[in-house]
Amino acid sequence: MKRKLALLLALVLTVMSLAACGSSKTESASDATAPTETQGAAGGNGDSKHLIVAWWGNQTRNERTQAVLDLYSQQNPGITFDGQFVEWNDYWNKLATASAGHSLPDVVQMDYRYLEQYVSNGLLIDLKPYIENGTLDVSGIDESILESGSVDGGIYAISLGVNAPALLYNKTLLDEHGIEIKDNMTMDEFIDKCREIYEKTGYKTNVAYGNGDNFIEYMLRSSGKILFEEGKLGVDSAEELKPFFDIYEIGMKEGWHVDPGIFVERNISVEQEPIVYGSSPETMSWCAFYWSNQLTAVQNAAPEGMEIGITTWPADNPKAANYLRPSQFFSVTVDSKNPEEAVKFLNFFINSVEANNILLGERGVPPVASVAEAITPQLSDQEKLVIDYINNVVTPNSSPINPPAPDSAVEIFDLIDKLEERLCYGEITAAEAAQELFEQGSKIMAGN
Amino acid sequence: MKSKSLSLKQILNEESVAGAIFTLPFIIGFLLFMIVPMLISLYYSFCDYNILSPPVWAGFKNYIKMFTEDSTFLKSIGVTFYFAFVSVPLRLIFALIVAMILFRTTKMTGFYRAAYYLPSIIGGSVAVSILWKRMFAIDGVFNKLLGYIGLNKDFSWLGNKDTAIWVLIVLAVWQFGSSMLIFLASLKQIPTTLYEAAEVDGANKWSQFWKITLPLLTPTIFFNLVMQMINGFLAFTQSYIITQGKPMNSTLFYTVYMYQQSFEFYNTGYGAALAWVMLAIIALITFVLFATKKFWVYDEGV
């Protein structure tokens, strides 16, 4: 009899544990209709009034965005948020994995580079119906900026800010030594500056090491080329890729480029960028190849008393090379249980002056003109500098942005980083690096 | 009624039935969370799959690409073999030495055993990896210590392609605790009569170790070797957190490369194929280890 009981008990337990697995879905679905008070604790995508917002970024952005989420849930009782932020690289891993599990966050920060891929795989919702029914007000956004978030006639992403490539530099250091930086330097002028600064101050230069993908495109633009064409590279020979690698070869040979070894010890992040982080001039850089909106973050990460300046990336033909980049899009995903609420939040994020008074253009110049104007008095001098840079330095002297990069771009960017690395470790020459990029790159482009 | 309860009783009397029912939760979990995902990944390995869109059948394409075009694949295999074949023997030697030292019971042995065991629990964690990265940075503790004894203290251990892998090996060797415990347990199994007899015959401690301790420990060494070898090949966290394969892929573990292909380049089908090749490699190595067993492992005269 005892045995029978034990057997029954075991059976019952097994069945119960199975039942628990099977029913969890229906339970969370019924949760959605429960009173809102209990939902914050329940969490997850199953909750209709619980929105998950994900972005990549830096400390400044994380704090400001989180503050806006808090503000929104204060003003809209019943809406709770889970703000998830990670660094750029991890962000895309996380998003891809989540998409496979059909558990994408409700609102995701989207990049120009990935937009097409996510839309063509049906992971983002078309915002057009919400614009038409008035949930999402885009009347204040310039047509061309709105256009940048559209694919095949649908609008899938709203830009949160306009940026441009920007060379951020240690102004305090250069002022002390009477070195002046002017906008629109040519490549030779830039290299001369690197030499001069190394000689006078001991500070080295980091030419977008490990992150050279945008810079190589920028250099190619300057000579009227693009990196990616349909199914192939946009250059005809390795020779055209060589100038990019030449900079590293010269820099390593003459000693003014930072040692590649220091990057093994850090993450590629604003906080550990050699412009703000390092134990001696030997391991630091006087400049960083960044984006205009990152001035605030770099300034915040900089040690006490270091003022950061902003200028253009060097190019022989600045007008052809430079461009405005609508960036840091927000998209609503197909996995959102309540897209309506997500869109309402998106509307608040771009149109509310109150929200943007917190964000203060950290993601770039706000796309809604009236909002951009309204927040101007609140901006710090640094942030005003960024707006001035966009409006007066880049806008009058730039060309339209390249089309979005294809799917295989990520692999090519990695190849560029690897070649850059081998070059800086002295394993290959600039010519060999260019040759390999041309051959391997063409193969990758053809294969996908 | 009677016949029914009898038949139930009969079933109950079958120990295999009760056993099967008790193991059912594990079996279900094993099938659901091990076998099913493995089969799915086997399927993916024959597909073009990028996570975002549905997989498309591609035959042996991924496997062919791996062995004909992918130099990084070979590089990462080389790194992984180097890591496993250097760190595992070192770890076992270290574990055995410490086990011999801690074998004699004194007041503090309990404490020391726990203290030396600790790294093998926490050593694989992200926090320790980050700590390790800081310790071996140019301005880290390790260089500071070298500075105190007057050695060159500006060396970039992680930035140099010859030394970076050793930072990871040292971290792996440091986690000798679990092997040490197993050694300790089997040291206690060795009958003291053997040592007494050896002493009577005039053998010194050194030859006692070589003639008695080591031969009798070979089954344990074998077990540790197999287990640690498998762990060595599956090492991921150290490389992923500390170096990400840098510099120049000199620390690119196979598992990290697999992860990069799957989740960074979105070549998930290719990543799955890499995983199956890894399985084959580990199986082969385990097989080879077992094949050599009869030459050096003491089998207690069975």
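This passage describes two sheets of chain A and the interface between chain A and chain B in a predicted model.

In chain A, 5 strands are arranged as an open sheet in the order 2-1-3-12-6, and the pairing within this sheet is mixed. The edge positions are taken by strand 2 (80-86) and strand 6 (158-163) of chain A, each of which has a single partner strand, so one side of each is left without a neighbour in the sheet. From one strand to the next, the twist of this sheet averages 20°. Strand 1 of chain A, which covers residues 50-56, runs parallel to strand 2 of chain A, and the two are joined by 7 bridges; within this pairing, Leu51(A) has Phe81(A) of strand 2 as its bridge partner. Helix 5 of chain A (residues 112-120) packs on the sheet, where it touches strand 3 (107-110) and strand 12 (325-332) of chain A, and the direction of this helix makes about 130° with that of strand 3 of chain A.

An open sheet of 3 strands is also found in chain A, with the order 10-7-11 and antiparallel pairing. Here strand 10 (287-291) and strand 11 (308-311) of chain A stand at the edges, and because each has a single partner strand, one side of each is left without a neighbour in the sheet. The twist in this sheet averages 30° from one strand to the next. Strand 7 of chain A, formed by residues 165-170, pairs with strand 11 of chain A in the antiparallel sense over 4 bridges, and in this pairing the bridge partner of Tyr169(A) is Gly309(A) of strand 11.

Between the two chains, 40 residues of chain B are in contact with 38 residues of chain A. The area that chain B and chain A bury between them is about 3,300 Å², of which 59% lies on carbon and sulfur atoms. The count of salt bridges between chain B and chain A is 0, whereas 8 residue pairs in polar contact are found across the interface, with both residues of each pair at pLDDT 80 or more. On the side of chain B that touches chain A, the elements giving two or more residues are helix 1 (2-13), helix 2 (15-44), helix 6 (126-135), helix 12 (237-243) and helix 13 (254-264) of chain B. Classified by residue type, this side of chain B comprises 21 nonpolar, 11 polar and 8 charged residues.

Terms used. Residues are numbered from 1 along each chain as its sequence is written. Chains are lettered from A and ligands numbered from 1 in the order in which they are written. This is a predicted model: local features need pLDDT of at least 70, side-chain atom pairs count only at pLDDT 80 or more; totals for chains, interfaces and linings use all residues. Side-chain values use heavy atoms; hydrogens and water are left out. Two strands pair if DSSP finds at least two bridges between them. Axes are lines fitted to C-alpha atoms, for helices over the stretch in contact, and angles run from 0 to 180 degrees between N-to-C directions. Contact means heavy atoms within 4.5 Å. Buried area is the accessible area (1.4 Å probe) that two parts lose on being put together, summed over both. A salt bridge is a side-chain nitrogen of Lys or Arg within 4 Å of a carboxyl oxygen of Asp or Glu. A polar contact is a pair of N or O atoms within 3.5 Å; within protein, one must be able to donate a hydrogen and the other to accept it, and residues adjacent in sequence count only if both atoms are side-chain atoms. Ala, Val, Leu, Ile, Met, Phe, Trp, Tyr, Cys and Pro count as nonpolar, Asp, Glu, Lys and Arg as charged, and the others, Gly among them, as polar.
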